[in-house]
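Okay, everyone, thanks for coming. Let me put the structure up on the screen, and then we'll walk through it together.

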Amino acid sequence: MDIPNKVAALMPSLVADLERLVAIPSVAFPGYPAEPVERMAHETLELVRAAGFTNAELMPVPSGYPPIYAEVPGPPGSPVVMLYAHYDVQPAPESQGWTSDPWTATHKNGRIYGRGAADDKGGLVAHLGTMRVFDGQPPCTVRLILEGMEETESNLPAFVEAHPELFACDLFVICDTGNLRVAEPVFTTVLRGDVACVVTVGTLQHPLHSGVFGGPAPDAMMALARLLSTLHDDEGNVTVDGASTGVWDGADFGEDEFRASADLLDGVRLAGSGPVSRRLWARPSVNAIGVDMTSVAGSSNVLIPQARAKLSMRIVPGSDPSKELDALEAHLRSHAPWGAHVEVERTKAAPPFACRTDGPGYAAARRALEEAFGKAPGEAGNGGSIPLLRYLQNAAPEAEFLLWGVSDIAASRIHGSDESVDPAELQRMIVAQSLLLRNIASGE
Ligand SMILES: [Zn+2]
């Protein structure tokens, strides 16, 4: 079978399916209507059944939207590949400033715009396309899991813990990341972890008149600001003693390219030093993601006795989240100015993830990507974390993990305004996934 030709012939119908799915605002966040998410689940179920997953079902879960699960057996004894994608999407509020309707798939600049076009309805369509290439009869056993709550409090980890046998496989294919730029294939091989804490700084027993006491009596917000400023050096490198760093020798991401994809304001410099890829995937980052203090509207001439901030620190692959939190906490306790009182409450410790890249699944995938793109694949990291991976790993400890996808960091703007996918990239990824199944089945 000529896989690239077959995929090319399938593309018009796959693009039409993607357009139809983008039009369903399947936002699973609390406060959003359930009907579109449920409609999305049913439409997706019908599509996956029609693609050959004839036994696909909406799986019962104690709460939230149901994952879709299916299995198509390959020849006896053939390897088992589990395909993952999600059918829910991020919200697309007007305040994001979309230039076309997020719920209408819009073709421009050679791309398809719309919420979910890349993340992750594009990934879902890649799985449909892969099954259609084999007319629903893949050369190895294929299991499929499509979740409906990835972008919010996911119910899939609990489902995996309750039904580990459904997730037994040789290779997980997580089609939910992507390439740095179109037509240049990369595997996502490392994911930073994520720890968080709330730091509270106190300087006074109660508010004080700023005219009477201001000067000698320190206010808590200024103390907090000084404390936060000690977390970076002047260049913007994290200065937390004991926070782990790593080495990065995979693909690089140029400064200009990063700047363009992040949409920094004119004149704003990138923080930190060294290659951008190392800063992203082999260095920690610390940000204040929330602050509590008196609001501007409620302000008056008083010194503030207490202020607090929630800090999120991304941690590097190979590090231990509780040790990283120890380092952050020790830094906060030892750097407060003027003897200010500091309390630290730990709120999150999600470990990083690193993929084993020396197994047969990777070898098969490397050849598949090279053939599909005409270019040897590189390796990239991902600054985010995917907590689900740990649960999948517990369910299938020997399985390899392949993280890739149809988006490109340079232009896809997932979670932002004007999210888009390049249909040619979608096509190449379907070719790659199909070649992967063929390679795995033949033991090549
Ligand atoms: Zn996603």
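So, let's begin with R413, which you'll find in the loop between strand 19 and strand 20 (420–421). When I say helix or strand, I mean DSSP runs numbered from the N terminus, with at least four residues (H or I) for a helix and at least two (E) for a strand. Before going on, some ground rules: this is a predicted model, where local features need pLDDT of at least 70 and side-chain atom pairs count only at pLDDT 80 or more, while totals for chains, interfaces and linings use all residues. Residues are numbered from 1 along each chain as its sequence is written, and side-chain values use heavy atoms, with hydrogens and water left out.

Back to R413. Its phi is near 50°, a positive value in a residue other than glycine. Most residues other than glycine have a negative phi, and most peptide bonds are trans. R413 has 34% relative accessibility, so it counts as partly exposed. Our cut-offs there: buried is under 20% relative accessible area, exposed is over 50%, and partly exposed is in between, using a 1.4 Å probe and protein chains only.

D135 also has a positive phi, about 50°, and is not a glycine either. You'll see D135 in the loop between helix 3 and strand 6 (141–147). Is D135 buried or exposed? With a relative accessible area of 57%, D135 is exposed.

While we're on backbone oddities, look at the peptide bond from D119 to D120: it is cis, with omega near 5°. D120 sits in the loop between strand 5 and helix 3.

Now D119 brings us to the metal. Which residues hold the zinc ion? The zinc ion is coordinated by H86 through NE2, by D119 through an OD atom, and by D176 through OD atoms listed twice, at 1.9 to 2.7 Å. A donor here is an N, O or S atom within 2.8 Å of the metal (3.2 Å for Na, K and Ca), and since water is not among the atoms, sites may look incomplete. Along the chain, the donors follow the spacing H-x32-D-x56-D. D119 lies in the loop between strand 5 (111–113) and helix 3 (121–133), and D176 in the loop between strand 7 (171–175) and strand 8 (178–179), so this pair ties together parts that are 57 residues apart in sequence.

Why do we call the arrangement irregular? Because the four donor atoms subtend angles of 52 to 147° around the zinc ion. For reference, four donors count as tetrahedral if all angles lie between 85 and 135 degrees; four count as square planar and six as octahedral if opposite donors are over 155 degrees apart and all others between 65 and 115; anything else is irregular. D119 counts as buried at 6% relative accessibility, and D176 is buried too, at 14%.

Next to look at is G405, in the loop between strand 18 (400–404) and strand 19 (407–408). G405 is buried, with a relative accessible area of 0%. Leaving out residues up to four places away in sequence, G405 touches C175, D176, T177, G178 and M429, where contact means heavy atoms within 4.5 Å. So there's our zinc ligand D176 again, among the contacts of G405.

On to the inside of the protein. A nonpolar core is a set of buried Ala, Val, Leu, Ile, Met, Phe, Trp, Tyr and Cys residues joined through side-chain atoms within 4.5 Å. The largest one has 95 residues, and F167, F172, W404 and L436 have the most contacts inside it. Apart from it lies another core, of 26 residues, including A223 and L311. Going back to F167, its contacts beyond four places in sequence include M82, R143, F172 and L392.

Last, the domains. The bounds come from an automatic or database domain assignment, and here that gives domain 1 (3–191 + 352–442) and domain 2 (193–261 + 271–350). Their centres, taken over C-alpha atoms, are 35 Å apart. In the contact there are 16 residues from domain 1 and 20 residues from domain 2. How much area is buried between domain 1 and domain 2? About 1,300 Å², with carbon and sulfur atoms giving 64% of it. Buried area is the accessible area (1.4 Å probe) that two parts lose on being put together, summed over both.

That's my tour, and I'm happy to go back to any part.
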